[in-house]
Structure formats: structure tokens, C-alpha cells
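Dear colleague,

I am handing over the structure that we spoke about, and I would be glad if you looked through it before reading my notes, which follow below.

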Amino acid sequence: MANHVLNGVMGLCVADALGVPVEFVDRAILKQNPVVSMRAYGTYNQPAGTWSDDTSMTICLVDSLTKRLDYSSIMLKFTKWFNEGEYTPHGEAFDIGITTSEALIRFKSGVYPLECGGKSEHDNGNGSLMRILPILFYLQSIYGTGLNEIDEAFEVIHNVSALTHGHERSQMACGIYISVASELIEERNLEAAVYSGIHSAMNYYRRQAGFEDELKHFKRLEKKDFKKLPSESIRSSGYVVDTLEAAIWCLLNTGNYRDCVLNAVNLGGDTDTVGAVA
Ligand SMILES: [Mg+2]
């Protein structure tokens with residue numbers, strides 16, 4: 001049997017490391033000189049293969065979930081990552097998002113973990129989406145497959161997002177992502193699995209109070225021809241909706257892991273995170 005946890009985390013880590021040297025580079029520049037394999041230095045002057053916050057925070061979540069679901073424990077591990085360089089390749093955290101950093105400051109000052117994440121519209125960067133994947137494996141261990149039919153599963157996803165990103169839009173992006181991932185793991189037809197994951201999550205959000213105003217932001221993803229959108233209309237920024245769209249668009253338009261993550265990185269912008277999410 002495939003080890004979905006290892007494959008998922010390794011896939012995320014390699015894509016993150018592919019994107020790190022070209023983070024913030026424009027798409028037009030990458031078009032002329034695309035990333036085709038692991039590069040060194042660049043944006044953060046790190047050696048080849050260096051992963052960033054996306055992977056470190058993902059491993060924090062894995063490490064914590066191997067014991068049990070404990071929101072304080074996850075936050076403590078995030079703090080160890082940023083302050084002490086745990087879960088990093090070279091003993092030092094070299095990047096962190098503003099919303100995540102503010103959440104860690106709140107946690108240090110004694111705020112309850114589920115209240116630490118920013119809740120304003122400006123707190124909708126991709127910082128919780130990029131590290132949410134391991135919750136899928138935890139939820140499957142509790143609920144089995146078909147977890148996108150289970151309201152409690154979505155509540156856990158929202159809580160894990162809210163440790164750093166508490167706005168409904170970020171929580172929803174995480175919910176849609178995990179729903180898609182849970183369908184993909186069934187190894188059915190990829191396109192059918194992706195759309196089924198999106199639709200079952202959107203159905204949940206339609207009947208769930210509190211998300212009414214957010215549905216419109218995910219409208220494009222639901223469209224049958226989302227896959228056919230031209231690359232020019234796919235934004236690969238750090239905004240959570242852009243990142244989710246870009247990652248799913250790359251997945252739908254490529255046939256294997258390598259092409260998918262290289263495509264994602266070569267969209268430019270938030271390369272490491274779009275790659276990691278893809
Ligand atoms: Mg990063």
C-alpha cells in the first residue's frame with residue numbers, strides 16, 4: 001500500500017524547495033528561464049533543496065498529530081520552528097508570513113490557540129492552506145474515507161486553520177483543499193475526483209451558517225470549464241484563493257507530479273507555496 005503520509009509530505013517538501021530560489025520572481029522571467037530541476041541560492045540565498053515555512057509547519061503538524069489532536073501542542077511546535085529553527089534543513093527559519101507571525105506573538109502572550117489566528121479580510125494569505133495537508137491523514141484515521149460528508153471533519157480543519165488564519169475564507173480554502181485531497185487519495189479518475197471534492201465541500205459551505213458571503217470567492221473553481229481557463233487568468237499570488245486556484249489548475253492541466261509542480265513554480269509569484277499546495 002502506498003504511504004500517503006510520506007508521499008504527501010515529500011511531494012509538498014520537494015515542490016516547496018523547487019520554488020524557494022525563485023519566490024517573487026515574475027512569470028515572464030520564468031518563462032524565459034523556467035525552473036526544470038532543483039536550483040540553489042536565488043531569493044533567500046539557500047543551498048539547493050532547502051525547504052521553507054510551508055514544509056516546516058507541515059512537519060510540525062505531522063509531529064503533533066502523531067500523538068493526538070492538541071491545538072496548543074501544534075502552536076508550541078510552530079513556535080519552536082520559528083524561534084529555535086526546529087523542523088528546518090539548516091537550523092534556521094528564514095521566512096514567515098505576517099499573519100502567522102502575529103498569531104505566534106498572540107500565542108506567546110497567552111491567547112487561547114483557536115483565537116490566535118487573524119480574522120480580518122487582510123489575513124487571507126495562503127499561510128494555513130500551505131500547511132493543512134496532514135490533517136487529512138488524521139481525519140481519515142478517525143472517520144475513514146468519505147470525510148467530506150462529515151461536518152465534524154470540516155470543524156477540525158477550520159480549527160487547524162484558525163491557529164494562524166481565522167477568517168472564513170482561509171478556513172474554506174482549507175476545507176475545499178482537504179476535500180479534494182480526500183477524493184484524490186481514492187485513486188479514481190483525477191478530474192472527476194477534483195470536481196467531486198470541490199462540489200462536496202461547496203455543498204457543505206452552502207448549508208453552513210457563516211460562510212454565505214464567502215461562497216462568491218470560490219465560484220470560479222466550481223465551474224466545469226475551470227481547467228480550460230488560460231494561464232493569464234490564473235494568479236499565483238499569496239492570496240489564499242489565488243493559490244488554491246493556481247494549484248488545482250496545475251493539477252488539472254498536467255499528467256504527473258513533476259509537470260504539475262514545475263508548472264506551479266513556473267507561474268511565478270508565490271512559487272514555493274503554489275508548488276507545495278499543488
Ligand atoms: Mg515558503
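For a chain of 278 residues, a compact globule would have a radius of gyration near 19 Å, and because the protein chain in this predicted model has 17 Å, the value agrees with that expectation. Along its principal axes, the C-alpha trace spans about 45 × 45 × 40 Å, and 48% of the 278 residues count as buried. If contacts between residues at least 6 apart in sequence are taken, 68% of them join residues that are at least 24 apart.

As to the elements, the protein chain has 13 helices and zero strands, so you will meet helix after helix as you follow the chain from the N terminus on.

The largest nonpolar core has 75 residues, and those with the most contacts inside it are Tyr 177, Leu 244, Ala 247, Ala 264 and Ala 278. Helix α11, which covers residues 240-252, gives the largest share of this core, namely nine residues. When neighbours within four places in sequence are left aside, Ala 247 is in contact with Ala 264, Val 274, Val 277 and Ala 278.

One pair of helices may also be useful to look at. Helix α4 (residues 71-84) packs against helix α5 (residues 98-108) at an angle of about 115°, with their axes 10 Å apart, and the crossing of α4 and α5 is left-handed. Here Met 75, Phe 78, Thr 79 and Phe 82 of α4 meet Leu 104, Phe 107 and Lys 108 of α5, a contact with five nonpolar, one polar and one charged residues.

With best wishes

Conventions: Residues numbered from 1 in each chain as written. Predicted model: local features only at pLDDT ≥ 70, side-chain atom pairs only at ≥ 80, totals over all residues. Core = buried A, V, L, I, M, F, W, Y, C linked by C-beta atoms within 7 Å. Buried ≥ 20, exposed ≤ 12 C-beta atoms within 10 Å, placed from the backbone. Helix = DSSP H or I, 4+ residues; strand = E, 2+ residues; numbered from the N terminus. Contact = placed C-beta atoms within 7 Å. Rg over C-alpha atoms; globule rule 2.2 N^0.38 Å. Axes fitted to C-alpha atoms, helices over the stretch in contact; angles between N-to-C directions. Left-handed = near helix turned anticlockwise from the far one by under 90°. Nonpolar A, V, L, I, M, F, W, Y, C, P; charged D, E, K, R; others polar.
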